[in-house]
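Hello,

Here is the structure I said I would pass on. Please open it first; my notes follow below.

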Amino acid sequence: FTSKGQIEEDIGKNEEQLKQKNAAFRAVESKMQPQKEAATGITFAPKLDEGLYLVGAGVRKKSIIKVYAVAMYSSAAVLDAVSSGSMGHAARTFGSLSLMTSFVLEMVYSVGAEKIASAIAESVKPRYSGSPSDIAELESLIIEGVKKIGGQAIQGTVFRFDCSKDGVRVSVDGSVQGIVAFDGLGSAFVDVFTDANAVSPTLVDSCVRIWSNEESKMLARSLMDLARSVPALEIENGGGNEHEILEDSSAERTKPEAKRTKLEAKLKPLQEYATGISFAPKLDEGLYLVGAGVRKKSIIKVYAVAMYSSAAVLDAVSSGSMGHAARTFGSLSLMTSFVLEMVYSVGAEKIASAIAESVKPRYSGSPSDIAELESLIIEGVKKIGGQAIQGTVFRFDCSKDGVRVSVDGSVQGIVAFDGLGSAFVDVFTDANAVSPTLVDSCVRIWSNEESKMLARSLLELST
């Protein structure tokens, strides 16, 4: 573990770098302006508290009646995607660079609780492949929220729908009603406003008009570049107007990041005992090294393997629930990754088959899904000569989306099937894990009191 003096010296350097990056962030964000929706005259702020940016604004009409004005907020990645025509796809595909897309609706026409809830639910229903009862739960939350303000969504009532991998969070007049947590519901809600039959064509037109000129494209690209270099800040919704949030954003961002830097300085590389292979303490996505082990066949050491995951998974190790936490993907744990470095030389088909055969009994989907995983591994190894020689590095990023396969740093693709990511995690963490020494390593490292405190501190900064 690093000494206090070394940590303080590193913190000073990192704080200065963060200040410079935050100054750059603020300079770029200052170019964003509020937007007035033309048909209703309602103005929307250029940014929400979570750091979501205003993409565009439009009106929802029924015949000649203006029902509500609507604004769409999303990440810099979505702003950057508008000009290429892939805004809808980017807004509904939630990942590390785009965690959420939000819609803010301000009522122009007074509507009863059941009527507005039913109208929104009916728009989502044909776009959602899950159970109708999930839509009923969304409808119920909207009704409950409107009833709390008198049963009528009068002119000026504001709804907010935060769409993510977790589902849809519903707020009415600033009060969170709850989250309807079903896989795919967040994407379906985004489709209501962005697909070919979007309920507010003027919203889509607004997005395209604003973000397709050269100046706006440069602004979007600058924000995206900065988002990659400065970790996102989640500001608690504790009041204050948009101006105050923007004024305080740099200082508020620096505080948690300085703490995180200090804590991460305590993380160390780990040398796998049986093979002597060392693994870095952190991956580029901010995934932390949980442990390392070896995969053997009889007495042959085939590869060393390291597991990387979120602070939530580190915190779960000591309670015995590491496997469950690592395979359950949500807002606090988006991904679990495995890095395999070959010790023994193996052909493309043989290594691919071995990995596929380990996943197969743990996966309830189609065998053809496993075949697709196997095929990606084979293709990757063939690109480097057809043999996974000593030193070849595989990486498998497991998430709700499936499993992303990389060979020697080159991404081969993602095998996108529900449940496949969790099944892959199980290969290395369940009761019949293929590398017992990996599991033992995780438990040994993260079960002492000092490590548990480190894991808990990292987790607190993530929430």
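This is a predicted model. Start with strand S8 (residues 158-164) and strand S9 (residues 167-172): the two run antiparallel and are joined by 6 bridges. One pair to look up is Phe159, whose bridge partner in S9 is Val172.

Both strands belong to an open sheet of 6 strands. The order is S3-S4-S5-S8-S9-S10, with antiparallel pairing. At the edges are S3 and strand S10 (175-180), each of which pairs on one side only. From one strand to the next, the twist averages 20°. Helix H7 (residues 201-211) packs on this sheet. H7 touches S3, S4 and strand S5 (101-107), and its direction makes about 150° with that of S3.

Next, the surface. Ile64 sits in the loop between strand S3 (53-62) and strand S4 (65-74). Ile64 has a relative accessible area of 74%, and the cut-off for exposed is over 50%, so Ile64 counts as exposed. Together with Ile65 and Tyr109, Ile64 forms a nonpolar surface patch. The accessible area of the three together is about 320 Å².

Last, a hairpin. Strand S19 (residues 402-407) pairs with strand S20 (residues 410-415) in the antiparallel sense, over 5 bridges. Ser406 has Val411 as its bridge partner in S20. The hairpin leaves 2 residues between S19 and S20. In the turn, Asp408 has a positive phi of about 50°.

Best wishes

Definitions and conventions
Residues numbered from 1 in each chain as written. Predicted model: local features only at pLDDT ≥ 70, side-chain atom pairs only at ≥ 80, totals over all residues. Heavy atoms only, no water. Patch = residues over 30% accessible without salt bridge, like charges linked within 9 Å, V, L, I, M, F, W, Y side chains within 5 Å. Areas by Shrake-Rupley, 256 points an atom, 1.4 Å probe, with all protein chains shown as cover. Salt bridge = Lys/Arg side-chain N within 4 Å of Asp/Glu carboxyl O. Helix = DSSP H or I, 4+ residues; strand = E, 2+ residues; numbered from the N terminus. Buried < 20%, exposed > 50% of the residue type's maximum accessible area, 1.4 Å probe, protein only. Pairing = 2+ DSSP bridges. Axes fitted to C-alpha atoms, helices over the stretch in contact; angles between N-to-C directions. Contact = heavy atoms within 4.5 Å.
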